[in-house]
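Work through the two exercises below with the sequence and model open. Try each task before reading its solution.

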Amino acid sequence: MSIVPSFFTGSRSNIFDPFSSEIWDPFQGFFSILNNLPESSRETAAIANARVDWKETPEAHVFKADLPGLKKEEVKVEVEDGRVLQISGERSRENEEKNDKWHRVERSSGKFLRRFRLPENAKMDQVKAAMENGVLTVTVPKEEEKKSEVKAIDISG
């Protein structure tokens, strides 16, 4: 009787049996299931693969996106109403030749889109973007914080 059945292989093993020759692998067969998905499902993985870091410095909001293999012409940085920064683009699929035999396809292809709502202090008209070695850096300057002035009031009487 199995305590943990394997849903992917159909075999059963008892993970608590120290003399069992079988080693239960929870990921066994999982990747073959992914490879059988339709292309459209695999291409949506590109959306999740546009990794972006957002840090705030005293002067600006700085976004860094890892976009390996993309040229700056394949990436779009836009500012929308309501202080929304949008980074989008498309990673093209590699050309397939009829004689090619693929053993593994792990790099994602397809469109990606990331949107960020910026705080009130963002200067949306001064956004700058640069691409170097597959890393997109978007810098959004911040308005200076207005320091409240304290004015002493004379008390009469």
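**Exercise 1: strand 4 and its partners**

In strand 4, the bridge partner of W54 is F63. The model is predicted: local features need pLDDT of at least 70, side-chain atom pairs count only at pLDDT 80 or more, and totals for chains, interfaces and linings use all residues. Residues are numbered from 1 along each chain as its sequence is written, and side-chain values use heavy atoms, with hydrogens and water left out.

Task: find which strands pair with strand 4, and in which sense.

Solution.
1. Locate strand 4 at residues 60-66. Strands here are DSSP runs of E, at least two residues long, numbered from the N terminus.
2. Take strand 3, residues 52-56: this strand pairs with strand 4 in the antiparallel sense, over 5 bridges. Pairing requires at least two DSSP bridges between the strands.
3. Check the link: a hairpin of 3 residues joins strand 3 to strand 4.
4. Turn to strand 9, residues 135-141: its pairing with strand 4 is also antiparallel, over 7 bridges. One bridge matches A60 with P141.
5. Check cover: 5 of the 7 residues of strand 4 are buried (under 20% relative accessible area, 1.4 Å probe, protein chains only).

**Exercise 2: R91**

Task: what surrounds R91, and which side chain of opposite charge is nearest?

Solution.
1. Place R91 in strand 6, residues 84-91.
2. Look for a charge partner. R91 is buried and has no salt bridge (Lys or Arg side-chain nitrogen within 4 Å of an Asp or Glu carboxyl oxygen). The nearest side chain of opposite charge is E74, 7.5 Å away.
3. Look at the backbone. The R91 side chain reaches the backbone oxygen of P68 at 3.5 Å.
4. List neighbours. Leaving out residues up to four places away in sequence, R91 touches L67, P68, L70, S108, S109 and G110 (heavy atoms within 4.5 Å).

Key. Buried < 20%, exposed > 50% of the residue type's maximum accessible area, 1.4 Å probe, protein only. Helix = DSSP H or I, 4+ residues; strand = E, 2+ residues; numbered from the N terminus. Lys, Arg positive; Asp, Glu negative; His and termini not counted. Polar contact = N/O pair within 3.5 Å; in protein donor to acceptor, adjacent residues only side chain to side chain.
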